[in-house]
Amino acid sequence: MKKSVIYSLAIGAGVWLLSACGGNTDTSNGKQSETTVQESATTDPSTLPVKEIEVNTTGNTMAEMKFDVTELHAAAGQKVKVTLHNKSVDEAMQHNIVFIKKGTGETVGIAGMQAGLSKNFTPDSPDVIAGSDMIGPGKSTTFEFTAPLEKGEYEFICTYPGHFTIMKGVFMVE
Ligand SMILES: [Cu+2]
């Protein structure tokens, strides 16, 4: 198990390095990034501290509603504890936070509508990494999940019908 984890981390690092070398849009310092990748590749994710993330939702209309963050981070394989606070006062503002594979927001959002409220509008799908309960104004909810072992860019959305096109952000696994 441990061996395969390290193997997949090494693959991930290799892919990342290739793209870092090939990409000329990346303005970060290449040397520094390589060091970071090497450190991560030799770190057993189970020894990492739990990453605690607090996210607020704000706004009282479809036009205003949003997450108060646009980008979240975790290390590959790290345990993540997410607390979502719904800061709205309008009863129509029901929200959750669902972590998904990049580019699957529309697919997950539409399948979520069919899944229904009893499933927090979150479908059983390989595109879904983890998600919270759906909560109303003034409520908070906490859940935990393990960040993917594969480094890269993921996304988070609210899967309440009509919200996933507006309420979304980037989840970077490093
Ligand atoms: Cu929402």
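Start by selecting the copper ion, which in this predicted model is coordinated by H95 through ND1, C158 through SG, H163 through ND1 and M167 through SD, at 2.0 to 2.8 Å. Display the angles among the 4 donor atoms and you will find that they run from 81 to 131°, and that the site is irregular. Because four donors count as tetrahedral only if all angles lie between 85 and 135 degrees, the 81° end of the range is worth displaying. Along the chain, the donors of the copper ion follow the spacing H-x62-C-x4-H-x3-M.

Keep H95 and H163 selected and colour the elements that flank them. H95 lies in the loop between strand 4 (79-86) and strand 5 (98-101), while H163 lies in the loop between strand 8 (152-157) and strand 9 (168-173), so the pair ties together parts that are 68 residues apart in sequence. Are these two histidines buried or exposed? Both H95 and H163 are buried.

Now zoom out to the whole protein chain, which has 3 helices and 9 strands. From the N terminus on, its elements run α-α-β-β-β-β-β-α-β-β-β-β. Of the 174 residues in the protein chain, buried residues make up 40%, and the accessible surface of the chain comes to about 9600 Å², with 54% of that belonging to carbon and sulfur atoms. Among contacts between residues at least 6 apart in sequence, 73% join residues at least 24 apart.

Next, select strand 4 together with strands 1, 2 and 7. These form an open sheet of 4 strands in the order 2-1-4-7, with mixed pairing. Strand 2 (66-67) and strand 7 stand at the edges with a single partner strand each, so one side of each is left without a neighbour in the sheet. On one side of strand 4, strand 1 (residues 51-58) pairs with it in the parallel sense over 7 bridges; to follow this pairing, label I53, whose bridge partner in strand 4 is V82, and then T57, which stands opposite N86 in strand 4. Strand 4 is also joined by 7 bridges to strand 7 (residues 140-146), and these two strands run antiparallel; here the residue to label is K79, whose bridge partner in strand 7 is T146. Of the 8 residues of strand 4, 6 are buried, so this strand is largely enclosed by the rest of the structure.

From here, move to strand 9 and show its side chains. In a regular strand the side chains alternate between the two faces of the sheet. Along strand 9, G169, F171 and V173 point to one face and are buried, whereas K168, V170 and M172 point to the other and are not. Which strands pair with strand 9? Strand 3 is joined to strand 9 by 4 bridges and runs parallel to it, while strand 8 is joined to strand 9 by 6 bridges and runs antiparallel. V170 is a convenient residue to centre on, since E71 stands opposite V170 and E155 also stands opposite V170.

With these strands coloured, turn to the nonpolar interior. In soluble globular proteins, nonpolar side chains tend to be buried together. The largest nonpolar core here has 24 residues, and those with the most contacts inside it are F67, L72, V82, I97, F99, F145 and F171. Strand 1, strand 3 (71-74), strand 4, strand 7, strand 8 and strand 9 each supply at least two residues of this core, and strand 4 gives the most, with 3 residues. Select L72 and display its surroundings: leaving aside its neighbours within four places in sequence, L72 is in contact with I53, V55, I97, F99, F156, V170, F171 and M172. A second, separate core of 6 residues includes V98, I100, V108 and V128.

For the last stop, select N120 and F121. The place of N120 is in the loop between helix 3 (105-115) and strand 6 (128-131), and F121 has its place in the loop between helix 3 and strand 6 as well. What is phi of N120? The value is near 60°, positive in a residue other than glycine, and phi of F121 is near 55°, again positive in a residue other than glycine. N120 counts as buried at 19% relative accessibility, where the cut-off is under 20%, and F121 is buried with a relative accessible area of 11%.

Conventions:
Residues numbered from 1 in each chain as written. Predicted model: local features only at pLDDT ≥ 70, side-chain atom pairs only at ≥ 80, totals over all residues. Heavy atoms only, no water. Buried < 20%, exposed > 50% of the residue type's maximum accessible area, 1.4 Å probe, protein only. Contact = heavy atoms within 4.5 Å. Areas by Shrake-Rupley, 256 points an atom, 1.4 Å probe, with all protein chains shown as cover. Donors = N, O, S within 2.8 Å, 3.2 Å for Na, K, Ca; no water. Tetrahedral: all angles 85-135°; square planar, octahedral: opposite > 155°, others 65-115°. Pairing = 2+ DSSP bridges. Core = buried A, V, L, I, M, F, W, Y, C linked by side-chain atoms within 4.5 Å.
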